[in-house]
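Here is a short briefing to read alongside your structure. Keep the viewer open and follow each topic at your own pace.

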Amino acid sequence: MAPKFAGLWVVESAENLEVLFEAMGIKIDVIDKIIDDHPVIEIRQHEDYFYIKTQAKVAGKIEASFKVGETYELPTVTGKKVRNRTSWIKGGKKLQIWPVDGDGRDPVTVYEMDGPDTMIVSLYASGACASRTYVRAPES
């Protein structure tokens, strides 16, 4: 059974973002803004169908709808569109999203649940790895 990612998520902590963004070729002045930003992620999930909306000050709003196993197009922080593919990994415990036609600097993203109220989003690009830990936002 797939993990339940549905919910509203806020950043609790981050690790190694500067190294990852430098490896991706992002300029240092932009890196500082991204690191200081605290994106909020909204996820809707019905089995293998996902809607993910990320809202951040620097990147703005990025939305994606997809079915796991299919290819979809997603705008990046720089505005270019990259085709991505999704799959379950680690026996269906993690959701992996990777660029199909990127230039090697576009990140592979892995979502995993660490208990019912904590989600870890790991990013891998150009030999570097970073992660952000999100906690479920309190219901209002």
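Lys53 is partly exposed in this predicted model, because its relative accessibility of 24% lies between the 20% limit for buried residues and the 50% limit for exposed ones. The side chain of Lys53 takes part in a salt bridge with that of Glu42, at 3.5 Å from N to O. That is a good place to start, and the other topics follow below.

**Salt bridges**

- Across the whole structure, the search turns up six salt bridges.
- The bridge between Glu42 and Lys53 connects distant parts of the chain: Glu42 sits in strand β2 and Lys53 in strand β3, eleven residues apart.
- Lys94 and Glu112 form a salt bridge as well, and their closest N and O atoms are 3.6 Å apart.
- Here too distant parts of the chain are linked, with Lys94 in strand β7 and Glu112 in strand β8, 18 residues apart.
- Asp117 meets Arg136 through a side-chain salt bridge of 3.0 Å, N to O.
- Asp117 belongs to the loop between β8 and β9, while Arg136 is in strand β10; 19 residues separate the two.
- Both ends of this bridge are partly exposed: Asp117 has a relative accessible area of 42%, and Arg136 has one of 28%.
- Glu42, Arg44 and Lys53 are joined into one network by salt bridges that share partners.

**The sheet**

- Ten strands make up an open sheet with antiparallel pairing, and their order is β4-β3-β2-β1-β10-β9-β8-β7-β6-β5.
- The edges are taken by β4 and β5; each has a single partner strand, so one side of each has no neighbour in the sheet.
- From one strand to the next, the twist averages 25°.
- β1 and β10 run antiparallel and are joined by six bridges.
- If you would like a residue to look at in β10, try Ser131, the bridge partner of Glu15.

**Nonpolar cores**

- The largest nonpolar core has 20 residues, and those that touch the most other members are Phe5, Ile41, Ile43, Phe50, Phe66, Tyr111 and Met119.
- Two or more residues of this core come from each of β1, β2 (40-46), β3 (49-56), β4 (60-67), β5 (71-75), β7 (94-99), β8 (108-113) and β9.
- The most is given by β4, which supplies three residues to this core.
- Another core lies apart from it and has ten residues, including Leu20, Met24, Leu123 and Ala128.

**Phe5 and the aromatic rings**

- Phe5 is buried, because its relative accessible area is 1%, below the 20% limit.
- Beyond its neighbours within four places in sequence, Phe5 is in contact with Ile43, Gln45, Phe50, Trp88, Leu95, Tyr111, Glu112, Met113 and Met119.
- The count of aromatic pairs in the model is six.
- One of them joins Phe5 and Phe50, a tilted pair with 6.2 Å from centre to centre and 55° between the planes.
- This pair links distant parts of the chain, since Phe5 is in the segment before β1 and Phe50 is in strand β3, 45 residues apart.
- Phe5 and Phe50 are both buried.
- Phe5 also pairs with Trp88: the ring centres are 6.4 Å apart and the planes are at 15°, so this pair is stacked.
- Trp88 is in strand β6 (residues 81-89) and Phe5 in the segment before β1, so the pair ties together parts that are 83 residues apart in sequence.
- Ring pairs connect Phe5, Phe50, Phe66, Tyr72, Trp88 and Tyr111 into a cluster.

**Residues with positive phi**

- Most residues other than glycine have a negative phi.
- Asn16 is not a glycine, yet its phi is positive, at about 65°.
- The place to find Asn16 is the loop between β1 (7-15) and α1 (17-23).
- Asn16 is partly exposed, with a relative accessible area of 41%.
- Ser126, another residue that is not glycine, has a positive phi near 50°.
- Ser126 lies in the loop between β9 (118-125) and β10 (128-136).
- With a relative accessible area of 39%, Ser126 is partly exposed.

How values were computed:
Residues are numbered from 1 along each chain as its sequence is written. This is a predicted model: local features need pLDDT of at least 70, side-chain atom pairs count only at pLDDT 80 or more; totals for chains, interfaces and linings use all residues. Side-chain values use heavy atoms; hydrogens and water are left out. Helices (H or I, at least four residues) and strands (E, at least two) are DSSP runs, numbered from the N terminus. Buried means under 20% relative accessible area, exposed over 50%, partly exposed in between (1.4 Å probe, protein chains only). A nonpolar core is a set of buried Ala, Val, Leu, Ile, Met, Phe, Trp, Tyr and Cys residues joined through side-chain atoms within 4.5 Å. Contact means heavy atoms within 4.5 Å. Two strands pair if DSSP finds at least two bridges between them. Axes are lines fitted to C-alpha atoms, for helices over the stretch in contact, and angles run from 0 to 180 degrees between N-to-C directions. Rings of Phe, Tyr and Trp (its six-membered ring) pair if their centres lie within 6.5 Å; planes under 30 degrees apart count as stacked, over 60 as edge-to-face and the rest as tilted. A salt bridge is a side-chain nitrogen of Lys or Arg within 4 Å of a carboxyl oxygen of Asp or Glu.
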